[in-house]
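Colleague: I have a list of labels I'd like you to defend, one by one. Could you put the structure up before we begin?

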Amino acid sequence: MTKAREQWGTRIGFILAAAGSAVGLGNIWKYPHMAGEHGGAAFTLVYLFCIIIVGLPILLAEFAIGRKTQLNPVGAFWTLSGSKAWKWVGFLGVAAAFIILSFYSVVGGWTLKYSFLGLSGAFNELLPGSEAASQMYDAFIAKPFEPVLWHLIFMGLCILIIARGVKSGIERWSKILMPLLIVILVILVIRGVTLEGAAAGLEFLFKPKWGDLDAGGVVAALGHSFFTISLGMGAMITYGSYLTPKSDLIRSSLAIIVLDTAIALMAGIAIFTAVFAFGQDPAEGEGLIFVVLPTLFPQIPGGSFFAILFFFLLFLAALTSAVSILEVVTAYFIDEKGWDRVRATFLFGGVIAAVGAVAALSMSGYNILAPITNFTFFNLLNVVSYKYMLPIGGFLTAVFVLARWGIPQFIEELKYGLPGFKAPVAVVAAFFIVAAIVVAYIIIQEIVAVVS
Ligand code: PHE
């Protein structure tokens, strides 16, 4: 017996859920620290270019593939291509979901820990530029037990939401959390730009110094554009599969991209104005948000309140993204293996939690990769997923639309929910060809750089 497929309740519910997937640690944690390490504005421009040229067509393709087939990524590629070979693209996505969530939920745990640190007033005594904040961060990360515990709590919450399903789990939470996140960011941006010395931060973020951008920065910007819109691993195929043909994919995609980009830039503004105002190092790395922001809050009237709110909302943004990753895995086992939602969620959420614990430990001196490299297991999961798996997944999705599904069929799918929509096949094909070439070129560059 087949059960009716779950569906989103409302259009805005879907947009907020998909934006909830897109907006996450990628925007607020990763983007600022990567821009900080790769030359600020130059990195930002390459990243924006990639979002428009590569991100938009692939996002549309993922939604269209999901809605057309009403299936998880493996089933979707298989059904639409009629060939078993293509289902491997879907498998690549499910594998990427395992890998990403394993390190993502570790950082999700950090955001929870920092929410509680804010609550306990631990930031109150911190002074901008002092060493105390980085000592606090290092001391936490270096403990074997605590980060694992917070990671497990984070994964547990993720599992609970996904076990409740699409409408009463994912959609319900996204509708509450996303608007809240925006309000808080606006407040933090206003605080940031009104700091004395904020202009230097804005200049860093918006005035390109191309000399600071190396080839590594370009690869990182491309990988990040996939990561931040949750592309290349089937999350948007899965979310698209809960849509009815009534929805307008083009407008929804634009709304999601605009929201995601605006939130990343706002996070960048809030953070770099503070970094420069207090003379700190923008290339601090992945500790940037956990080291710099805690020293900013005590400067704001009512700062401890904002600190709690900020880290809590960062945690919630992480949660709405993490659930979309777990949903890819869950949807696969429900659709393809006929499993029950609760069973699939708990079992595979549990497996991911276990791998994540290994990743958390790798940051605290128990790195299972230590005998072979000084790269941590955590970093390996991070880099392999965003630099390789997502761009390759996105590339194959573009090739799939071009060479297997067909541009005319793709355009037909876009017409549902947007009756009168017309687009010349050649123009749409050109978009996908350019997207595929840009991604292929950058991936090849990266592989050449690593090999040589
Ligand atoms: N887009 C999310 C973020 O920016 C991360 C993510 C990647 C979510 C891939 C789902 C799939 O944090």
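**Labels and their cut-offs**

Modeller: Let's begin with Ala255, which sits in helix α12 (residues 249-277). A helix here is a DSSP run of H or I at least four residues long, a strand a run of E at least two long, and both are numbered from the N terminus. Keep in mind that this is a predicted model, where local features need pLDDT of at least 70, side-chain atom pairs count only at pLDDT 80 or more, and totals for chains, interfaces and linings use all residues. Residues are numbered from 1 along each chain as its sequence is written, and side-chain values use heavy atoms, with hydrogens and water left out.

Colleague: Why is Ala255 called partly exposed?

Modeller: Its relative accessible area is 29%. Buried means under 20%, exposed over 50%, and partly exposed is in between (1.4 Å probe, protein chains only), so at 29% Ala255 lands in the middle class. As for its place in the fold, its C-alpha is 9.9 Å from that of Ala18, 237 residues away along the chain.

Colleague: And Ala139, why does that get the label partly exposed?

Modeller: Ala139 comes out at 43%, which is again between the two limits, so partly exposed it is. The residue belongs to helix α6 (residues 132-141). Its C-alpha lies 9.3 Å from that of Ser364, although 225 residues separate the two in sequence.

Colleague: What makes Ser364 buried, then?

Modeller: Ser364 has 9% relative accessible area, and that is under 20%, so it counts as buried. You'll find Ser364 in the loop between α16 (341-362) and α17 (377-405). Leaving out residues up to four places away in sequence, Ser364 touches Ile141, Ala142, Lys143 and Pro144; contact means heavy atoms within 4.5 Å.

Colleague: Lys30 is a lysine. How do you know that it is buried?

Modeller: Its relative accessibility is 1%, so against the 20% limit it counts as buried. Lys30 lies in helix α2 (residues 25-37). Beyond neighbours within four places in sequence, its contacts are Leu25, His224, Phe227, Asn382 and Tyr386. Gly287 is 257 residues off in sequence, yet the two C-alpha atoms are 9.8 Å apart.

Colleague: Is Trp86 buried or exposed?

Modeller: Buried: its value is 16%, under the 20% limit, so the label follows. Trp86 is in the loop between α4 and α5 (87-119). It is in contact with Phe77, Ser81, Leu396, Val399, Phe400 and Arg404, once neighbours within four places are set aside.

Colleague: What is unusual about phi at Gln70 and Ser230?

Modeller: Most residues other than glycine have a negative phi. Gln70 has a positive one, near 55 degrees, and for Ser230 phi is near 60 degrees, also positive. Gln70 is in the loop between α3 (41-69) and α4 (73-81), while Ser230 is in the loop between α10 (215-228) and α11 (235-240). At 23% accessibility Gln70 counts as partly exposed, whereas Ser230, at 10%, counts as buried.

Colleague: Which residues have the most contacts inside the largest nonpolar core, and what makes it a core?

Modeller: Trp110 and Phe410 have the most contacts there, and the core has 170 residues. Helix α15 (residues 303-337) gives the most to it, with 20. The term means a set of buried Ala, Val, Leu, Ile, Met, Phe, Trp, Tyr and Cys residues joined through side-chain atoms within 4.5 Å. Phe410, leaving aside neighbours within four places, contacts Leu60, Ala61, Ala64, Val401, Trp405, Val428 and Phe432.

Colleague: Stepping back, how many helices and strands are there, and why call the chain as compact as a globular protein of its length?

Modeller: There are 19 helices and zero strands. The radius of gyration is 21 Å, close to the 22 Å the globule rule gives for 452 residues, so the chain is as compact as a globular protein of that length. The radius is taken over C-alpha atoms, and the rule is 2.2 Å times the number of residues to the power 0.38. The C-alpha trace spans about 60 × 45 × 45 Å along its principal axes. Buried residues make up 60% of the 452. Of contacts between residues at least 6 apart in sequence, 81% join residues at least 24 apart.
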